[in-house]
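Student: Could you walk me through how to read a structure like this one?
Tutor: Happy to! Let's look at it together.

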Amino acid sequence: MKKHNFNAGPSELNESVIRSTEEAVRDFSGTGLSLLTISHRSKEFVAVMDNACNLVKELLNVPSGYSVLFLQGGASLQFCMLPYNFLQTKAGYLNTGVWASKAQKEAKLFGDVVELASSKDRNFAYIPKGWEANVPAGLDYVHITTNNTIYGTQIKNDPSVNTWLAADMSSDILCRPIDVSKYGIIYAGAQKNIGTSGATLVIVKDELLGKVTRPIPTILNYKTHIENDSMFNTPSTVAVYTCLKSLEWVKSIGGISTIQKLNDEKAKTLYGEIDSNRLFKGTVEVAEDRSLMNVCFVMKDEYKDLEDEFLKFAKARGCEGLKGHRSVGGFRASIYNAVTLEDVKALTQAMKDFDKSK
Ligand SMILES: *Cc1c(COP(=O)(O)O)cnc(C)c1O
């Protein structure tokens with residue numbers, strides 16, 4: 001049976017990425033050795049790292065003066081590494097979910113943190129509005145989480161503030177064009193929208209580094225990784241390879257603008273069904289905050305007891321990974337770049353058929 005993978009992360013990859021990785025595991029780049037066993041210093045792997053970094057620059061239109069890195073430790077290590085390198089006195093954090101709260105908690109170890117706005121009062125079911133105008137002067141940076149994976153909310157523009165932005169884009173990087181020049185640093189765990197787990201993409205503006213006065217441990221200093229082309233220590237070779245293959249796939253279908261159109265259509269199809277189906281409702285309060293990547297929905301109160309049955313019904317049709325995060329309940333369909341319109345239609349058909357069966 002054809003599977004439709006709606007897992008939140010690690011998550012779906014395009015078939016071509018899986019196939020090339022499979023081939024590389026047997027024979028990497030004609031070396032006669034497996035991707036699992038080659039040296040990261042071999043010229044073939046150095047080319048993988050260089051090409052992946054260059055493709056990020058090309059696809060996201062990264063201006064000169066920025067470095068692209070593939071690090072380890074996940075987005076979670078960035079929660080601490082970022083303030084270690086950039087927080088001298090005071091930073092602003094926008095609290096839009098559990099990941100955003102975790103980032104904020106780590107920053108407090110390094111300096112003062114101003115919570116610019118929070119949507120915690122209503123279980124993060126919306127994106128706070130109007131906070132940009134009230135950002136106090138003199139902050140080192142403003143940190144945002146562009147897509148809230150657990151709650152299905154998304155900031156779909158690049159906010160304008162009186163300092164530079166730092167952004168966790170783990171679950172929506174490469175889903176739409178962004179204005180990188182507004183950001184001092186962007187980071188994303190690879191396992192949602194770029195590749196598989198083990199690598200973290202970091203895009204950092206060089207001139208902002210080296211300004212904090214505290215000593216920074218070597219491996220936590222972005223400069224170390226820039227100077228060593230992400231090879232200060234052994235990188236996550238397999239994960240970086242999957243990133244390269246995904247980036248090549250995005251380029252081959254027409255780049256970010258094509259991906260954005262596809263994502264819009266997938267989201268429109270799924271939210272359309274949620275809004276029109278008798279049994280279901282969305283959990284995000286207003287349509288403009290709805291994520292194009294993680295679609296959260298539940299059964300209407302009078303049908304709540306049918307939720308487990310629907311999960312089984314959908315699974316029998318190949319729809320995997322639909323159970324919502326425990327803090328929201330219901331369902332979450334993660335429709336990252338590699339999830340197809342066909343996958344989404346399998347889900348909406350299951351929703352229609354389940355409705356008819358009741
Ligand atoms: C998944 C996720 C994280 C955590 O990523 P790790 O790579 O597991 O540390 C952080 N932020 C967001 C927005 C996420 O979706």
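**Reading the model**

Tutor: Let's start with a single residue: Asn-14 sits in the loop that links β1 (4-5) to α1 (15-26). Keep in mind that this is a predicted model.

Student: Is Asn-14 buried or exposed?

Tutor: The general idea is a cut-off: a residue counts as buried when its relative accessible area is under 20%. Asn-14 has a relative accessible area of 18%, so Asn-14 is buried.

Student: How far is Asn-14 from Arg-317, in sequence and in space?

Tutor: The two residues are separated by 303 residues in sequence, and their C-alpha atoms are 20 Å apart in space.

Student: Now the ligand, please. Which residues around the ligand come nearest?

Tutor: The idea here is to count residues with a heavy atom within 4 Å of the molecule. There are 13 residues around the ligand, and the nearest are Ser-76, Thr-149, Asp-168, Gln-191 and Lys-192.

Student: Which atoms of the ligand pair with Asp-168, Gln-191 and Ala-75?

Tutor: Take them one at a time. With Asp-168, a ligand nitrogen lies 2.6 Å from an N or O atom of the side chain. With Ala-75, the partner is a polar backbone atom, 3.0 Å from a ligand oxygen. With Gln-191, an N or O atom of the side chain is 2.9 Å from an oxygen atom of the ligand.

Student: How much of the ligand does the protein bury?

Tutor: On its own the ligand exposes 390 Å², and 87% of that is buried by the protein. Two elements, α3 (74-86) and α5 (190-193), each give two or more residues to the surrounding shell. The largest share, four residues, is from α3.

Student: What kinds of residues form the shell around the ligand?

Tutor: By class, the shell has eight polar residues, three nonpolar ones and two charged ones.

Student: Let's finish with a sheet. How do I read one?

Tutor: In general, the strands of a sheet pair through backbone hydrogen bonds, in a parallel or antiparallel way. Here, one open sheet has three strands in the order β11-β12-β14, paired antiparallel. Its edge strands, β11 (280-282) and β14 (331-334), each pair on one side only. On average, neighbouring strands of this sheet are turned by 35° against each other, direction ignored.

Student: How many bridges join β12 to β14?

Tutor: Four bridges connect β12 (residues 294-299) with β14, and these strands run antiparallel. To see the register, find Cys-296, which stands opposite Arg-332 in β14.

Definitions and conventions:
Residues are numbered from 1 along each chain as its sequence is written. This is a predicted model: local features need pLDDT of at least 70, side-chain atom pairs count only at pLDDT 80 or more; totals for chains, interfaces and linings use all residues. Side-chain values use heavy atoms; hydrogens and water are left out. Two strands pair if DSSP finds at least two bridges between them. Axes are lines fitted to C-alpha atoms, for helices over the stretch in contact, and angles run from 0 to 180 degrees between N-to-C directions. A polar contact is a pair of N or O atoms within 3.5 Å; within protein, one must be able to donate a hydrogen and the other to accept it, and residues adjacent in sequence count only if both atoms are side-chain atoms. Accessible areas come from the Shrake-Rupley method with a 1.4 Å probe; for residues, only the protein chains shown count as cover. Ala, Val, Leu, Ile, Met, Phe, Trp, Tyr, Cys and Pro count as nonpolar, Asp, Glu, Lys and Arg as charged, and the others, Gly among them, as polar. Buried means under 20% relative accessible area, exposed over 50%, partly exposed in between (1.4 Å probe, protein chains only).
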